[in-house]
Amino acid sequence: DNSIVGENSILYPNTILYKDVEIGNNCVIDAGCVIGADGFGLIQDNDISYNIPHIGKVLIGDYVTIGSNTCIDRGTIDDTIIEDNVKIDNMVQIAHNVKINNNCVIAGQVGIAGSTVLYENVKIGGGASIIDNLEIGKNSVILGNSFVWKNIKENSFISGDPAEDHKLRLKKIATLNRIIEKNK
């Protein structure tokens with residue numbers, strides 16, 4: 001209900017669109033995607049967890065590619081937004097209220113938790129995890145398998161668990177290796 005698919009956009013088999021999903025022009029949505037399901041929003045009462053209804057939309061811009069078996073949750077109240085020219089690989093989880101700005105590239109098995117914002121031209125390597133309510137600055141690169149737990153400034157190049165500046169991380173590892181070798 002109330003979903004729109006733009007001109008020249010292709011939805012491959014077994015893609016599911018829930019209500020209130022808007023997909024722009026010239027998009028490719030690969031097989032098995034689920035777009036617009038409720039997010040993982042819960043409230044507890046007397047130690048029992050209850051799902052919170054999600055009433056936001058999913059808004060996808062133009063020239064977006066979404067790989068197979070990717071899930072994009074609808075917003076809780078506000079919308080989940082993916083702007084133009086975003087490229088998303090297979091098996092990516094995008095939670096409720098996430099905003100992904102223009103020209104971002106996200107590799108497979110990335111998980112982005114709720115209400116996180118990726119600014120323009122962010123690149124994320126496979127298997128990276130980003131917790132909720134963060135801001136990832138424009139032109140930043142997050143290497144694969146990184147765990148992002150705090151805001152990232154623009155033009156950053158980060159890696160690791162916990163994620164930090166990649167060059168600093170390499171220096172720490174080299175220093176630690178020298179200490180270990182020296183004390184053998």
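Which residue is the bridge partner of Ile16 in β6? In this predicted model, local features require pLDDT of at least 70 and side-chain atom pairs count only at pLDDT 80 or more, whereas totals for chains, interfaces and linings use all residues. Residues are numbered from 1 along each chain as its sequence is written, and side-chain values use heavy atoms, with hydrogens and water left out.

The bridge partner of Ile16 in β6 is Val34. Strands are DSSP runs (E, at least two residues) numbered from the N terminus, and two of them pair if DSSP finds at least two bridges between them. Strand β3 (residues 16-17) pairs in the parallel sense with strand β6 (residues 34-37) over two bridges. Strand β6 is also joined by three bridges to strand β11 (residues 71-73), again in parallel, and Ile35 has Ile72 as its bridge partner in β11.

An open sheet of seven strands, paired in parallel, follows the order β1-β4-β9-β12-β15-β18-β21. Its edge strands, β1 (4-5) and β21 (135-136), each pair on one side only. Strand β18 (residues 117-118) meets β21 in the parallel sense over two bridges, with Val117 opposite Glu135.

The largest nonpolar core (buried Ala, Val, Leu, Ile, Met, Phe, Trp, Tyr and Cys residues joined through side-chain atoms within 4.5 Å; buried means under 20% relative accessible area, with a 1.4 Å probe and protein chains only) has 35 residues, of which Ile60, Ile100 and Ile124 touch the most other members. Strands β4 (21-23) and β9 (58-60) each supply at least two residues of this core. Leaving aside residues up to four places away in sequence, the contacts of Ile60 include Ile23, Cys27, Ile35 and Ile72, where contact means heavy atoms within 4.5 Å.

Key:
Helices (H or I, at least four residues) and strands (E, at least two) are DSSP runs, numbered from the N terminus. Buried means under 20% relative accessible area, exposed over 50%, partly exposed in between (1.4 Å probe, protein chains only).
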